[in-house]
Amino acid sequence: MYLYDKYDHKLVQERVEQFERQTERFITGDLTDEQFLPLRLQNGLYIQRHAPMLRIAVPYGMLRTEQLKKMAHICRSYDKGYCHITTRQNLQLNWPSIKDVPSILSELAHVEMHAIQTSGNCIRNITSDPLAGVAPDEIVDSRPYCEIVRQWSTLHPEFAFLPRKFKIAISGSTTDRAATAFHDIGLQLIKDKNGAVGCKVLVGGGLGRTPIIASTVCDFLPEQFLLSYLCAILRVYNRLGRRDNKYKARIKILVKEMGIADFSQAVEQEWQHIKDNYSPLTPKDITQAQGYFSTPPYQQINASTTGEQLDHLALKHPEFGRWLQRNVNHHKVPGYRAVTLSLKPTGNAPGDISAEQLETVAYLAEHFSFGEVRTTHQQNIVLADVNSNELFTFWQYAQSAGFATPNIGTLTDIICCPGGDFCALANAKSIPIAEKIQSTYDDIDYLYDLGDISLNISGCMNACAHHHVANIGILGVDKKGKEFYQVTLGGNNNSRGATNHKPAIGKVLGKAFPANEIPNVIDCVLTTYLQHRIEEDAFLESFLDTYKRIGMPTFKENVYA
Amino acid sequence: MPKIIKNGDIVEDYWNYIDPPKGFVAAYTEKTAMQTPAQEAIGAIVSLDHWLSQRTQLLASNTALGIWLEGHSDLSLIIDDLPFFDVIAVYFPAFTDGRGFSLGSQLRERYQFQGELRAIGSLLPDQMYYLHRCGFNAAVTKPKDLQFAREALTDFSHNYQEACGDDNPSL
């Protein structure tokens, strides 16, 4: 994992000092509310419904044990004993007091963490595949490139006052687990026929009010030009992006209004002029970045023997078997597995994690996974390097800590924003809806029969929970001061079990429902699926495939009957 | 006479503005100090419209010339004229409007502008460090902010990324 050098430490320290001076000027009235706002946002500090909210950066989701322990300490000392994992792999404190923020930032700096650029109209935290470096289908390990882009985008002088926020995701596997098609820029690392590394560059994807799937701006960008090309895209956006209307200010709107051909041409022109002004990334730079993510000391494991043992244990302990099936991923090193800790047991606000749990995760990482973990877009935690011989012991620990709900990729693995309970932007609450659905579908056998299905709940149009790309999306809307929920079907963001992985945006089922009708509506949708799905021997058609085959009208008839 | 930050120092400004941005004079400088007495001025910073309509006369006038641009100004209109300008001022209508950072970078990097690049308008002292790194070597702030703006040039001692202003003299 990347460790700070003296420059990182210095820079974070100088940033903390700069923010202290800014806060002081705000308090003495030297900076107005309006002036202080973008400065505090770019340091992660929001003012929310009940309290400030501090969003802490977790670069591409990677954390190590000392950072988890520090977070546990911060949750206890400065908040209500828990924090929240966001859909962009960051951590949020929902109840800090403003006066404590400088102390929190200073404590974070001790473990190489900060809140820089976690909010505001700048380049945000880089997100990536939680299985980077271990996925069997990996083409290129994305982590070194994430780190290169993280450094490049941190305190970039030209792009700190963009028309709107700007999100970059990087993936390097055949299966895109980083949602690159739904980011302002998505980079898909690939190799050309000679084995040279480069990336397919997507631009203008996003959700929110205007969900758009990204367009390709470059089919193969050789890796050495990555930074000058990013600079060209951002520069075109910074100069031409709309600033008259905040809802039309994202790059997706610029790409849509210009058309991808004209936009690409503008980028190409800018890039041709500047690409030789910037040092290309040399093989040495890349090797150095790769060195931060060196292979841990894996043991030699006889994979076939351990495989048999696991099968045996799974038969003997069905719960363990389910957990293996749902929460454990294959690994590119024989005998190792990547395990997902579920933060979605019934009754838990999706993504919330307590101080005690953070410490347990730290313990598990230390003893079973070389001291590192990754937060995920789905608001869970992955321990990427677990020895299969230790899986059963690991499972027992995870179970007693409440992390072993075998529901990854099922209906109750809900992605959910903080919603109206916390967020000042929300139109409706989202957590109670998630809880209602989780408690209704608590029967593991039923969940397993439903199979792979994604359900996301956003409390407003800003779509923090990415409801558009869930197989079943729920969106909170405000109707004359009352909370209603709109349901969408058929969204797809690399859905497990689907035969077609093409990203898709869900379609609206029909008129919105009040909260108390949602369980019934979901039940109708699921029953419709079960009635129509193809079942042949062991094959069960997935929800998404069934939806695509039978179409929206059948669902609509049943729900609005 | 108004004062500006230039090459790291607070100095008197010998440039006058012709047809300056609306709101600039009243809001961001002290009105009385805005204009340099004509006999002491070394040149005039004119608007793009003024330049386009008075180009011949201005070139014949034998005074030093500058031009001010906005974030959305079409650079293609003046690319061939850049050698005539000793100063290009970039106007920031709001400190949150970051177009000027890219415009400045483009002028330096893509069009190799070598003269004085000056940031004017609604700027926070906190932005000086970034402005300098985007190629600006002069900035106008509210008089009360000048000293603080100059100090803010040293907010950071190290940068992660290359930027076009790194080889310039300090802002």
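## Second largest pocket

The second largest pocket has a volume of about 700 Å³. The model is predicted. The pocket is lined by 31 residues. Nearest its centre lie A:Gln378, A:Ile408, A:Gly409, A:Asn494 and A:Arg496.

By class, the lining of this pocket holds 17 polar residues, 9 nonpolar and 5 charged.

## Domains of chain A

The domain assignment splits chain A into four parts: domain 1 spans 6-110, domain 2 spans 134-291, domain 3 spans 303-400 and domain 4 spans 415-559.

Domain 1 and domain 4 of chain A have centres 33 Å apart, taken over C-alpha atoms. The two domains are in contact, with 9 residues from domain 1 of chain A and 12 residues from domain 4 of chain A taking part.

## Helices H16 and H17

Two packed helices are described by the angle between their axes and the distance between the axes. In chain A, helix H16 covers residues 518-532 and helix H17 covers residues 543-550. Their axes come within 10 Å and cross at roughly 80 degrees. Angles of 65 to 115 degrees count as roughly perpendicular, so H16(A) and H17(A) are roughly perpendicular to each other.

H16(A) makes the contact through A:Val525, A:Tyr529 and A:His532. H17(A) contributes A:Phe543, A:Thr546, A:Arg549 and A:Ile550. By class, this contact between H16(A) and H17(A) has 4 nonpolar, 2 polar and 1 charged residues.

How values were computed
Residues numbered from 1 in each chain as written. Chains lettered and ligands numbered in written order. Predicted model: local features only at pLDDT ≥ 70, side-chain atom pairs only at ≥ 80, totals over all residues. Heavy atoms only, no water. 1 Å grid on protein atoms, 1.4 Å probe; cavity = no way out; pocket = protein on both sides within 12 Å on 5 of 7 lines; lining within 4 Å. Points joined across faces, edges and corners; volume = space filled by probe spheres on them. Nonpolar A, V, L, I, M, F, W, Y, C, P; charged D, E, K, R; others polar. Axes fitted to C-alpha atoms, helices over the stretch in contact; angles between N-to-C directions. Helix = DSSP H or I, 4+ residues; strand = E, 2+ residues; numbered from the N terminus. Parallel < 35°, antiparallel > 145°, perpendicular 65-115°, else oblique. Contact = heavy atoms within 4.5 Å. Domains from an automatic or database assignment.
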